[in-house]
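The following note is offered to a colleague who wishes to go through the structure point by point. Please read it alongside the sequence and the coordinates.

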Amino acid sequence: MKKEIILVESRDPAFQDLVLSTPVGEKLATCMQCGICAGSCPVSHEMDYNPRQLVRMVQLGLKNEVLNSNTIWICTSCFSCSVRCPRGIRPTELMETLRPIAIAEGIKNKNERFDGVFSDVVRKNGRASEFLLISKYSLKEPEMIKQAPFGLSLFLKGKLPLAVDKMENTLELDTIFKLGEKVEKKEKENKENKETGMKTEKEEPETDK
Amino acid sequence: MKYSYYPGCAQHGTAVDYRKSVEAVFRSLGIELEEVKNWNCCGALHVPDMTVRAALSARTLASSKGLDMATPCNLCYSNLMRANAALEEGSLKTRVNEALTVKYDGNTKPKHLLEVIVKDYGLTKLAEKVKKPLKIKAVPYYGCLLTRPENKFDSPENPKSLDNLIASLGAEPVKYYYKTKCCGGPILITNEDLALELARDLLIMAKDSGADCMVVTCPMCHLQLDAKQKAVEKKYNIKLDMPIIYFTQLMGLAMGFTCDELGMGKHLVPCDKLIAKIGR
């Protein structure tokens with residue numbers, strides 16, 4: 001593995017604080033880098049950084065590397081790491097914590113797009129109709145054409161009904177999904193406050209010159 | 001025996017076969033499953049905001065009317081269990097309840113259907129219902145979220161409940177080291193290559209064990225191992241031909257139901273050889 005020097009500039013204290021103050025973040029400080037999470041992970045070989053590395057990077061506040069890594073998206077949420085961690089850290093929940101932060105930061109990738117489509121479908125219909133899900137996602141992801149035979153095979157077996165499964169009343173669902181919007185807003189505001197705070201600190205010596 | 005029943009979205013789509021077998025088998029055992037009215041999706045693994053996800057499950061749990069809540073899906077089960085754990089925290093519970101019409105009180109106990117059979121109904125009683133012992137070898141495949149992270153009814157590393165259920169039907173649960181290893185289901189749409197690799201490992205291990213079929217407890221595992229099996233065969237140029245059946249279908253076969261009554265004609269990997277071996 002290539003080794004890189006960590007530049008001071010790549011460390012983001014606001015990001016570090018944000019993650020370390022979450023329920024899963026509070027335990028991150030106790031990580032002893034034993035690697036049982038990486039060893040237990042069924043997909044660590046495809047990750048940009050394995051779970052052990054990711055935990056260390058969050059401790060260091062390496063915001064861009066963490067949020068742009070495929071690690072937080074290809075985690076299958078199998079929780080193998082989480083039931084084995086001798087420190088009681090749940091790396092799966094760290095991934096879950098990082099995903100909304102990445103989305104709020106404007107990170108774009110196919111997993112984020114799928115989650116977006118999934119959330120929209122559930123918010124509007126109350127249920128995740130698979131046909132609606134796949135067709136809406138396919139519109140955003142042209143490579144889904146490769147999965148067309150798979151969809152067709154399900155359809156021919158009557159397992160992909162075209163009728164959308166809906167709740168009778170989804171009004172309450174909208175209120176539920178608004179809970180998430182509030183959090184995103186709050187996190188953004190916190191972040192902006194911290195960023196502006198930092199900027200003024202940096203700017204001061206410059207004006208002296 | 002009566003439970004409130006949370007079927008989950010897949011039962012109305014890709015898991016219609018599972019649904020058919022659940023209905024047939026549970027009716028025959030005299031276990032009443034009363035479907036929750038106007039239920040909503042649990043958010044599966046793809047609603048990224050965890051407060052929203054907890055609230056989705058809280059809404060479902062709040063409509064249980066004092067009964068334990070049974071569910072056939074590992075993902076739903078896991079989300080219900082996790083919501084109960086997360087909402088022990090008072091401030092989150094208050095915030096979530098602000099969004100709910102029927103308030104969440106934390107008193108509903110979620111149970112996977114496997115737990116209902118193994119713990120509540122009992123395998124001794126189930127064995128009495130067996131009309132024809134299944135003389136086959138079967139892989140007990142639990143998947144991830146039945147036993148992780150919040151489950152209290154079986155070990156997350158080496159669970160035995162499905163093994164015991166298979167044995168009580170007269171079949172032999174084979175030794176299988178990937179019992180709880182991920183099948184790749186959650187990433188089958190977004191990261192197909194990686195998902196197929198995970199499924200391949202499970203299926204090859206199953207084939208090598210000499211099993212006649214794999215028994216699953218989750219619609220997502222079934223979709224991945226059954227409906228995607230052809231794609232695995234094609235990609236890796238291997239022949240697998242491994243029937244994937246729901247545990248309720250296995251029960252149904254032993255209890256004397258026909259394949260049709262159990263929805264088995266809807267599988268993508270044909271069960272003909274398995275059925276011939278069972279003799280039905």
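**Note on the strands of chain B, the contact between the chains, and one loop residue**

1. In this predicted model, strand β1 (residues 2-5) of chain B pairs with strand β2 (residues 32-35) of chain B in the parallel sense, and four bridges connect the two. Within this pairing, B:Y3 has B:L33 of β2(B) opposite it. Between the two strands the chain passes through helix α1 (residues 16-29) of chain B, and the resulting β-α-β crossover from β1(B) to β2(B) is right-handed.

2. Strand β1(B) is also joined to strand β3 (residues 69-71) of chain B, by two bridges, and these strands run parallel. The partners in β3(B) can be named: B:S4 is bridged to B:M69, and B:Y5 is bridged to B:A70.

3. These pairings belong to an open sheet of four strands in chain B, whose order is β2-β1-β3-β4 and whose pairing is parallel. The edges are taken by β2 and β4 (110-112) of chain B; each has a single partner strand, so one side of each has no neighbour in the sheet. On average, neighbouring strands of this sheet are turned by 40 degrees against each other, direction ignored.

4. A helix is placed against this sheet. Helix α5 (residues 113-128) of chain B lies across β1, β3 and β4 of chain B. The angle between α5(B) and β4(B) is about 85 degrees.

5. As to the interface, 46 residues of chain B are in contact with 49 residues of chain A. On the side of chain B that touches chain A, the elements giving two or more residues are α2 (50-62), α4 (90-99) and α7 (192-208) of chain B. Helix α2(B) provides the largest share, namely six residues. By residue type, the side of chain B that touches chain A comprises 26 nonpolar, twelve polar and eight charged residues.

6. One position in chain A merits a separate remark. A:G106 is found in the loop between α8 (91-104) and α9 (110-125) of chain A. Is A:G106 buried or exposed? A:G106 counts as exposed, because it has 8 C-beta neighbours inside 10 Å, and the cut-off for an exposed residue is 12 or fewer. A:G106 and A:K140 are 34 residues apart along the chain, and their C-alpha atoms are separated by 17 Å.

Notes:
Residues numbered from 1 in each chain as written. Chains lettered and ligands numbered in written order. Predicted model: local features only at pLDDT ≥ 70, side-chain atom pairs only at ≥ 80, totals over all residues. Pairing = 2+ DSSP bridges. Right-handed = clockwise from strand over helix to strand, strands pointing away. Buried ≥ 20, exposed ≤ 12 C-beta atoms within 10 Å, placed from the backbone. Contact = placed C-beta atoms within 7 Å. Nonpolar A, V, L, I, M, F, W, Y, C, P; charged D, E, K, R; others polar. Axes fitted to C-alpha atoms, helices over the stretch in contact; angles between N-to-C directions.
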